[in-house]
Amino acid sequence: MDIRQIRVKKDILSANSKTAEGIRSRLDGYPVRMINIMSSPGAGKTSLITRTINFFKGTYRIAVIEGDIASSIDAESISKLNVPAIQINTGGGCHLDANMIEKALADLELDDLDLIFVENVGNLVCTADFDLGAHKNAVILSVPEGDDKPYKYPVIFVEADVVLINKIDVLPYFDFDLDSFPEIMNGLNPSTTVLSVSAKSGEGLDGWFAWIERTLGQDNI
Amino acid sequence: MHEQSIVASLLSLALEDAKTNNARRIISIKLVVGELTGIEEDAVKFYFGFMAKDTIANGATLEFNITKAQLRCRDCDIIFPRDKLNFNCPECGKKAVEIVGGRELYIESMEIL
């Protein structure tokens, strides 16, 4: 038998994308909305989620799916807030994928929830290419990381529905150019919203909470 | 560790197509990989080496076609390569760009026996 060449032309991530689409349409059968939060390690994902849960306590029923390479520190601090927290250990893997989310969702009562946060693994490269079936993607960029990150890691910023510049309380100590950032960001992704916040001091978080309310108020997103 | 899940997906796609084409062995797989995916050729080959072991893709060669990041100016429509330090359009100088290349990640073709 001879060697034959065959055309394949198949997207390697197609299986993940298909699972993600399935998750989204399943979630659409419930009032719940899912937001995937991505950033570098230490940019403030857990702090932002904690603040948000506390703010919406009694208004929205929130659950968290926590992605972590090995530990359960973040899930433990979230479950202290008395909200359902599902831990996914990726076992060294640098991102969550749609299969992991599908499994985690099986442990949540979707009828009893308004909002699910997915705290992705801290990483600006790998996380960006894996659709998790969330309705929205939020990216946090913290001031100490620098304002050049959209140039270095453009993909994650293209996938973002909202970009939060976090830790603005330390702006005086860094060269982050807060004024020109929205122009760069919107050039790359015209439909994204840019917000400046400090999850520590609470400054600017009203804009984020309003964004959440808008997201939850939309029927089709 | 990004590459481990990439290799798992690529292997199952390759095996599926090999089966449809009644292949006894996969000799080589041609991949198109955009530089923005951050995927390392050596790491993919490393994982493929042992993940393909008990399959008809064992020993198959992986060929990489790495594509560069390309930007399209939203105003003048020209396409230009990414400059790591800025995204300014070489024609109009504006920073309104769309990524049109460098995110590819697919199997182009295979040689089968």
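Modeller: Helices (H or I, at least four residues) and strands (E, at least two) are DSSP runs, numbered from the N terminus. This is a predicted model, where local features need pLDDT of at least 70 and side-chain atom pairs count only at pLDDT 80 or more, while totals for chains, interfaces and linings use all residues. Residues are numbered from 1 along each chain as its sequence is written, with chains lettered from A and ligands numbered from 1 in the order in which they are written.

Colleague: Okay, which pattern does chain B follow along the sequence?

Modeller: Chain B has two helices and six strands. Put in sequence order, they read α-β-α-β-β-β-β-β.

Colleague: And what radius of gyration does chain B have?

Modeller: The C-alpha trace of chain B spans about 55 × 30 × 15 Å along its principal axes. A compact globule of 113 residues would come out near 13 Å (C-alpha atoms only; the rule is 2.2 Å times the number of residues to the power 0.38). For chain B the radius of gyration is 18 Å.

Colleague: Which element supplies the largest share of the side of chain A that touches chain B?

Modeller: Counting contacts as C-beta atoms, placed from the backbone, within 7 Å, 30 residues of chain A meet 32 of chain B. On chain A's side, β1 (4-11), α1 (14-27), α6 (154-158) and α7 (181-188) each bring at least two residues. The largest share, eight residues, belongs to β1(A).

Colleague: What is the bridge partner of A:Arg7 in β6(B)?

Modeller: β1(A) pairs with β6 (residues 105-112) of chain B (pairing takes at least two DSSP bridges). The two strands run antiparallel over six bridges. Within β6(B), A:Arg7 is bridged to B:Ser109.

Colleague: Which helix gives the largest share of the largest nonpolar core?

Modeller: That core (buried Ala, Val, Leu, Ile, Met, Phe, Trp, Tyr and Cys joined through C-beta atoms within 7 Å; buried means 20 or more other C-beta atoms within 10 Å, all placed from the backbone) has 71 residues. A:Ile101, A:Val118 and A:Leu164 have the most contacts inside it. Five residues, the largest share, come from helix α4 (residues 98-105) of chain A.

Colleague: Which tryptophan is A:Leu164 in contact with?

Modeller: Leave aside neighbours within four places in sequence, and the partners of A:Leu164 include A:Leu48, A:Ala138 and A:Ile140. Also among them are A:Leu195, A:Val197 and the tryptophan, A:Trp208.

Colleague: How many residues are in the second, separate core?

Modeller: Its members include A:Ile12 from chain A. From chain B come, among others, B:Val7, B:Ile39 and B:Leu105. The count for this second core is 24 residues.

Notes:
Two residues are in contact if their C-beta atoms, placed from the backbone, lie within 7 Å. A residue is buried if 20 or more other C-beta atoms lie within 10 Å of its own, exposed if 12 or fewer, and partly exposed in between; C-beta atoms are placed from the backbone.
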